Amino acid sequence: MIANKKLWWSAGALISIHIVVLSAGFFAPYDPTEQNRDFSFAPPMHLHFVDAAGKFHLRPFVYQYLTHSGDGRLQGYEEDRSRMWPLRFFVREERRAHERTPGWAWHLFAVDSPGRIFLLGTDDYGRDQLSRFLYGGQISLFAGLLAAALSLGLGMVMGGVAGYFGSWLDSVLMRGTEIFMALPWIYLLFAVRAFLPLHVGARQSFFLLLGVIGVTGWARPARLIRGVVLSAKQRDYIQAARGFGASSVYILWRHILPETSAVALTQAGLLVPQYILAEVTLSFLGLGVAEPVPSWGNMLAELQKYYVLESYWWMFAAGLALVLIFLLYHRLADALQLRLASATS
Amino acid sequence: MLSDGVLTRVIAQRVAWALLLATLSPALSLGARESASQAASTEEVLIAPGEIGTPGGRLVTSLRADPKTLNPATAVDLPSKQVLGLLSADLIHINSFTQGTESALAKSWKISPDGKHYTLELRRGILFSDGHPFDADDVVFSFQVYLDEKVHSPQRDLLEVGGKPIQVRKLGPYQVAFDLPQPYAAAERMFDSVSILPRHLLEETYKTGKISQAWNPATKAAEIAGLGPFRLKQYSPGQQIVLERNPHYWKMDSRKNRLPYLDEIVFLIVPTQDAEVIRFQAGETDVLDNISAEDYQVLERSQGERGYRLNDLGPGFEYDFLFFNLNDLNSKQLPEISRKQEWFRRDEFRQAISDAIDRDAIVRLVYQGRATPIWDQVTPANKLWVNTAIPRQPQSLEKAAALLKSAGFNRRADGTLVDAHGMPVEFSILTNPSNAQRTKIATILQDDLTHLGMQVHLVPLEFQSLIARVFDSFNFEASILGLVSGDADPNPEINVWTSSGGTHVWAPNEVHPLTPWQSELDRLMQLQTTILDYKKRKQIYDRVQELVAQYNPVICLVSPNILVGAKDSLSGIKPVTMRNHILWNAEQVFWRPTPARKK
């Protein structure tokens with residue numbers, strides 16, 4: 001029962017995170033590529049309820065930043081308390097020309113122009129980190145999900161076939177998995193990248209990432225599935241089905257693969273975060289989606305720079321989100337595992 | 001040279017690199033050291049003015065990559081140049097501080113009235129770092145090597161005047177004559193950075209045709225000798241290079257103490273900028289060169305407590321620029337790029353891009369205000385040659401849009417810019433991610449150009465592959481690079497601006513000038529080398545700058561300030577805006593004695 005609660009709790013949390021990220025166009029106040037060059041590395045703005053005079057407002061508001069600079073250099077930011085900029089909710093906004101990322105017409109919140117709202121601060125170019133974070137999640141989270149689906153799908157087919165038919169087919173496929181497990185996939189990706197034309201659009205590089213991660217990742221699940229299939233095919237009811245003249249495909253599909261679904265689900269719970277991390281790693285190394293399109297990997301890549309690491313704590317947002325999401329996925333995998341154990345016993 | 005911090009390409013180094021040599025002024029206390037007193041009687045040392053220092057100690061600094069070679073005749077990369085600067089010496093040296101020439105291995109020199117013959121008197125009785133005496137034969141041998149076409153020495157370029165190499169004659173054991181085919185404006189500056197090689201060690205190798213492979217990183221330290229203030233002690237590739245004091249160095253301080261003061265200089269190989277900064281901040285290295293503006297900000301905070309001081313030297317000689325592929329691509333199979341060249345070749349197109357760039361934003365966001373926007377190639381640091389009449393046009397998207405319209409470009413309803421054939425204007429800019437500043441500049445440009453309706457893609461590419469595309473395969477559309485002139489004098493720049501030049505980035509080794517302005521650039525750059533009068537030369541070079549600003553063969557963006565740091569207790573350091581910024585006078589650097597010093 002506890003396992004069940006844990007399962008629904010983590011699944012629910014993950015689903016809501018994915019929904020928010022998918023609807024980045026609604027939740028994000030700005031185009032993630034829009035630069036505000038006067039607000040480089042502005043810290044997150046505070047949401048205020050109490051104004052300078054001590055009066056309470058139900059509608060939260062922000063103060064704009066005043067920059068103070070000395071000898072031609074930006075020295076820091078300070079809140080301009082002379083005017084409040086209340087948040088407006090459910091705002092309809094016209095699309096601006098040369099907007100790179102198709103946003104939604106409706107936004108969850110905004111402040112009146114020319115005021116700006118940076119709830120998660122800004123990066124070097126004054127781009128809103130919250131918007132980048134949400135749009136970046138689309139790439140990072142879904143790269144993980146889709147790559148896991150791809151490698152699990154491949155793994156199930158390969159593992160099922162190898163386990164069920166056995167003999168030489170099994171040997172060939174399993175030697176294949178060994179080769180794939182030994183492949184250093186980062187170098188493989190470097191190699192693949194080198195063959196492609198210089199400029200690869202964000203979409204192509206997204207699918208390229210998916211492809212490489214998925215194709216090199218099928219080996220491990222395949223071996224796992226094969227083990228389950230090997231034991232399943234000895235079961236009496238399968239022998240019986242075969243006795244009744246059922247075809248191999250039918251048996252595999254109807255009887256054996258369902259046996260493996262629990263293992264596959266648990267495996268998915270582990271693979272997804274692993275592949276999210278793979279995307280992050282690749283973007284971190286500059287092999288993922290290119291600027292100015294955000295992904296959590298290239299947002300974290302900023303932290304490679306010592307001065308960013310040292311000075312701007314809000315740039316860690318994507319890293320923190322990753323930790324949370326990994327915990328949720330591992331909880332989910334854990335709960336699935338428990339459920340599986342209780343179901344089989 | 002192109003500066004990434006790693007590769008310095010061809011030409012500019014002629015004059016440029018002289019700076020690395022530690023010449024100038026010397027000093028050394030402690031007369032007790034070896035044979036200073038007896039040597040002084042037979043040896044014509046140079047007495048270097050400057051602060052009298054304390055001998056001893058080691059200085060630790062960092063290099064971003066292993067030097068590719070320790071052979072002065074073939075070195076082109078920056079790490080090699082940095083190390084060689086301390087190991088070798090030239091005949092006449094450009095003082096990085098005064099930017100004027102000064103006596104080095106040549107004690108004095110005379111120029112014939114027609115400007116074509118130079119007679120150099122060499123210092124007598126001085127020794128290579130292995131104790132072997134130096135004389136005119138070494139000079140003749142060195143020039144023979146540098147001028148040999150088979151050696152492919154980068155210095156060869158600068159030893160050619162009007163396309164013909166200079167001639168070297170030995171007049172006596174300590175006297176050498178140089179004959180030039182025509183008068184040469186750079187005059188004695190050309191001897192700078194032509195390091196004198198030890199004939200006794202290299203002649204055999206040269207005769208067997210293997211001089212290019214000599215003195216590679218695997219060579220034993222004992223087989224390498226030079227006339228610089230330091231000599232190689234130990235080289236562990238990938239880790240460190242240890243140089244020790246050259247006990248025979250030919251400079252003394254005003255109290256007749258032989259220079260250099262330091263016993264050792266250690267170069268740690270530290271592959272990234274961030275790691276270099278962290279090591280310096282932690283006190284593991286004693287000096288730090290080429291600090292980025294952002295790191296400077298971080299280091300500034302702990303400046304007092306960590307025992308180092310930082311220096312903003314103001315604008316340097318380096319500049320960043322955007323350029324397009326203007327090569328004649330007929331022979332190459334690159335149809336896509338050839339098609340886009342139709343845009344790149346339009347003067348209006350390049351001018352529009354220059355107008356659309358927010359240079360102030362680059363200064364502010366990339367360099368934290370520690371840079372100067374520029375519109376031509378001469379940076380404000382070069383007071384003698386900068387053309388102040390070049391208009392400093394601020395960003396104007398309206399002007400840019402109007403220019404594009406006049407050149408037949410149009411905006412579609414969705415804002416996309418299309419050319420006369422209706423093709424959307426879309427191109428990619430190559431950058432090297434190892435240079436964070438240039439990558440950031442590219443991101444700013446990308447955004448600026450979106451406002452014109454252009455679609456620009458950024459392609460990060462490892463530096464060597466980028467250079468290969470720009471200089472060899474021509475398979476690129478646009479790129480951002482930096483150049484640094486090695487000398488204030490315009491002469492080394494000839495390789496950049498003449499069509500046949502090796503650093504003519506937008507179309508290297510162009511056979512014929514493809515445009516009228518290129519022909520004019522060629523003519524002016526050649527002309528200025530033969531004119532000895534500064535005012536007339538300045539007029540010519542002013543016109544060169546005008547052409548660059550007007551036709552934008554490269555679109556000059558900004559010139560970053562030179563930012564350096566050194567430990568508080570290091571004395572004798574006089575950072576300069578010319579490279580090598582800190583260790584150019586390494587022989588005069590010393591540790592101020594303090595009881596607390598651990599070294």
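**Exercise 1. Check whether the end-to-end distance of helix α7 of chain A agrees with its number of residues, then find what covers its buried residues.**

*Step 1.* Helix α7 of chain A covers residues 219–232, which is 14 residues. Helices here are DSSP runs of H or I with at least four residues, strands are runs of E with at least two, and both are numbered from the N terminus. The expected span is 1.5 Å times one less than the number of residues. That gives 20 Å for α7(A), and the end C-alpha atoms are 20 Å apart, so the two agree.

*Step 2.* A word on the source: this is a predicted model, in which local features need pLDDT of at least 70 and side-chain atom pairs count only at pLDDT 80 or more, while totals for chains, interfaces and linings use all residues. Residues are numbered from 1 along each chain as its sequence is written, and chains are lettered from A and ligands numbered from 1 in the order in which they are written.

*Step 3.* Now list the buried residues, where buried means 20 or more other C-beta atoms within 10 Å of the residue's own, exposed means 12 or fewer, partly exposed is in between, and C-beta atoms are placed from the backbone. In α7(A) they are A219(A), P221(A), A222(A), I225(A), R226(A), V228(A), V229(A) and A232(A).

*Step 4.* Their cover includes α3 (129–165), α4 (167–182), α8 (236–243) and α9 (248–284) of chain A. Contact means that C-beta atoms, placed from the backbone, lie within 7 Å.

**Exercise 2. Describe chain A as a whole: its secondary structure, its box and its buried share.**

*Step 1.* Chain A has 12 helices and five strands.

*Step 2.* Along the principal axes, its C-alpha atoms fill a box of roughly 85 × 50 × 35 Å.

*Step 3.* Of its 345 residues, 37% count as buried. Among contacts in chain A with a separation of 6 or more, 71% join residues 24 or more positions apart.

**Exercise 3. Work out the strand order of the open four-stranded sheet in chain B, and place helix α4(B) on it.**

*Step 1.* The order is β5-β6-β10-β9 (chain B), with antiparallel pairing. Two strands pair if DSSP finds at least two bridges between them. In general, strands of a sheet pair through backbone hydrogen bonds, either parallel or antiparallel.

*Step 2.* β5 (106–111) and β9 of chain B are the edge strands, each pairing on one side only. From one strand to the next, the twist averages 20°.

*Step 3.* Look between the edges: β6(B) and β10(B) pair in the antiparallel sense over five bridges, and T119(B) stands opposite A177(B) in β10(B).

*Step 4.* α4(B) packs on this sheet, touching β6, β9 and β10 of chain B, and its direction makes about 170° with that of β9(B). Axes are lines fitted to C-alpha atoms, for helices over the stretch in contact, and angles run from 0 to 180 degrees between N-to-C directions.

*Step 5.* The buried residues of α4(B) include D138(B), V139(B), F141(B) and Y146(B). Besides β6 (117–122), β9 (167–172) and β10 (175–179), their cover includes α5 (199–207) of chain B.

**Exercise 4. Show how strand β17 of chain B is enclosed, and name its partner strands.**

*Step 1.* β17(B), residues 318–324, has seven of its seven residues buried. One face carries E318(B), D320(B), L322(B) and F324(B), the other Y319(B), F321(B) and F323(B).

*Step 2.* On pairing, β17(B) runs antiparallel to β23 (residues 478–484) of chain B over seven bridges, with S479(B) as the bridge partner of F323(B).

*Step 3.* It also pairs with β24 (residues 554–567) of chain B, antiparallel over four bridges; here D320(B) stands opposite V558(B).

*Step 4.* Follow L557(B) outward: its contacts include D320(B), F321(B), L322(B) and I441(B).

**Exercise 5. Locate V366(B) and explain why it counts as buried, then turn to the side of chain B that touches chain A.**

*Step 1.* V366(B) is found in helix α10 (residues 359–366) of chain B. It counts as buried because 27 C-beta neighbours lie inside 10 Å.

*Step 2.* Leaving out residues up to four places away in sequence, V366(B) touches Q437(B), K440(B) and I441(B).

*Step 3.* Across the interface, 27 residues of chain B are in contact with 22 residues of chain A. α12(B) gives the largest share of chain B's side, seven residues.

Notes: Two residues are in contact if their C-beta atoms, placed from the backbone, lie within 7 Å.
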